[in-house]
Amino acid sequence: MRLLVLLAASVLAVTGCSGADPARPGVLSVGIREPATLLPADLDDQAGRLVTSALWTPLADYDAASGKVTPRAAASIESADRVHWTVKLRPATFHDGTPVTAQSYVDTWRAIAAAQWVSTPVLTKLLRAREITATAPDTIALTLDRPSGQVPALLSAPGLVPLPASVLASHDWDGFAKAPVGNGPYRLDGGWHPGSGGTLKRVGAGKAEEIELRVGEPAAQYEAVKAGTLDLATEVPGAQHEAMHGDFADRHTTWALPEAGYLAFPVTNPRFADPTVRHGFALGVDRAALEAGPLAHQVDPAKALLPPADAPGERTGTCRPCSFDAAAGKALLKQAAFPGGATVYFGPGAETWTRTLVVGLHKALDVSVTAQARPNTGQLDGPSTVDVKPASPSPYELLSLLASESGYTDEVFRQNLALADAAATPEEAGELYRLAENQLLRDLPVAPLWSGHGHAVWGARVHDVTTTPFTGPVLAGIGVA
């Protein structure tokens, strides 16, 4: 009997070592990585977007594929001429009890435009409003510098949510990021604790009464969900990519992220001015090897120029430059009399997969290819890998950026982009964006390589998990039994 008591005590000690609290009714526990920041206008990482999507409510949700706009904090976003836009707001308050007004948005957007944040270009380069004013406590008036039908898509950008007057007056952005105050269905209780996480308390239309956000490594969080000590893990390591189908049956999901990788060619350099050379290099890329190797099943090999999270309308065409065909690639380089030898440049965070890309190009095309860190200044004499993370769901942002990265200045392409921006309907804009996309695939100033996707797995007591490209799992919509 004494032996049984000792064994039982040892079992309790072992299970207690996990440090995990037992599941509590109405409380959802979620595993995430450490967010880069919780200042909405300056984040582009999945963990940061996940947290801030529960703390703030955007003006609208925008579906890039259909062009459908679903008002959220806005009651309406309307224009008669696509130059003068009016945004009507629903009644709302910040978590500190102060009202969310039209002036809240105007002052926030001025602060963003004046900063060097991730979302700054959405206002300064994409929206390009000549004037933004609060004409009433619940009304924002925007006057653009040209007609644009992209305003609802741009205003749905997660970085353009309002900030309270207190931080707009103090400009203590770092302090605010540690204890953010939003207008969303959950508030942060007790501030954010780096390395640990934080607790969200429901104040609006959310299903869980409380959400415990636990910072940790994805592999440990995956095992914790399997063990029942964590409800939801928002990232699945590559080593568990195949196992999750058996481990979680129908309790897992994958969604398209607003992130994609490209090989950008310096089209003004004589060695890469011929599209035949660029197509040869594109056909020499083994995208499946990148996906299964250094990118660890966190991406999909590119099948189009635009990633699924940013692609308007139906996309049924094939992307020939997305194929791996070493023989055809070598033949194109020979046809173009490419002299051989190239340096591929990489930016921060892209060294590992760029070096794998370079080894593959050398093997497939039988030309000398090396990898080198991208210099801070000066013209590049070879292609560069580009990891793009759009701040809005508008294709205009991504297509413009890709052309800029390569120095591509074709006038027809520029006109199609301008016409798509000015289009009166999502259907018309989608057709024009596809024309611009097809032209980039033909001239190939950039070769698409991969598009990012997210994974999540959850326990048996979790239900109603849905995702969006910018937020990942929609925390407010998740229920716990």
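How well does the distance between the end C-alpha atoms of helix 3 (residues 102-114) agree with the span expected at 1.5 Å a residue? This is a predicted model, and here the two agree: the 13 residues of helix 3 should span 18 Å, and its end C-alpha atoms sit 19 Å apart. Below is a quick tour of that helix, the nonpolar cores and a disulfide.

**Helix 3**
- Plenty of helix 3 is tucked away from solvent: Ala102, Ser104, Tyr105, Val106, Thr108, Trp109, Ala111 and Ile112 are buried.
- Trp109, one of those buried residues, is also among the residues with the most contacts inside the largest nonpolar core.

**Nonpolar cores**
- The largest core takes in 126 residues, and Trp109 shares the top spots for contacts inside it with Ile140, Phe281 and Leu475.
- Setting aside neighbours within four places in sequence, Trp109 touches Leu59, Leu123, Ile132, Ile140, Leu142, Leu155 and Leu160.
- There's also a second, separate core of nine residues, with Val225, Leu230, Met244 and Val457 among them.

**The disulfide**
- Search the whole structure and you'll find one disulfide.
- Cys319 and Cys322 are the partners, with an S to S distance of 2.1 Å.
- The link between Cys319 and Cys322 is right-handed, with 70 degrees about the S-S bond.
- Both ends fall below the 20% cut-off for buried, so Cys319 counts as buried at 9% relative accessibility and Cys322 is buried too, with a relative accessible area of 11%.

How values were computed: Residues numbered from 1 in each chain as written. Predicted model: local features only at pLDDT ≥ 70, side-chain atom pairs only at ≥ 80, totals over all residues. Heavy atoms only, no water. Helix = DSSP H or I, 4+ residues; strand = E, 2+ residues; numbered from the N terminus. Expected span 1.5 Å × (residues − 1). Buried < 20%, exposed > 50% of the residue type's maximum accessible area, 1.4 Å probe, protein only. Disulfide = S-S within 2.5 Å. Core = buried A, V, L, I, M, F, W, Y, C linked by side-chain atoms within 4.5 Å. Contact = heavy atoms within 4.5 Å.
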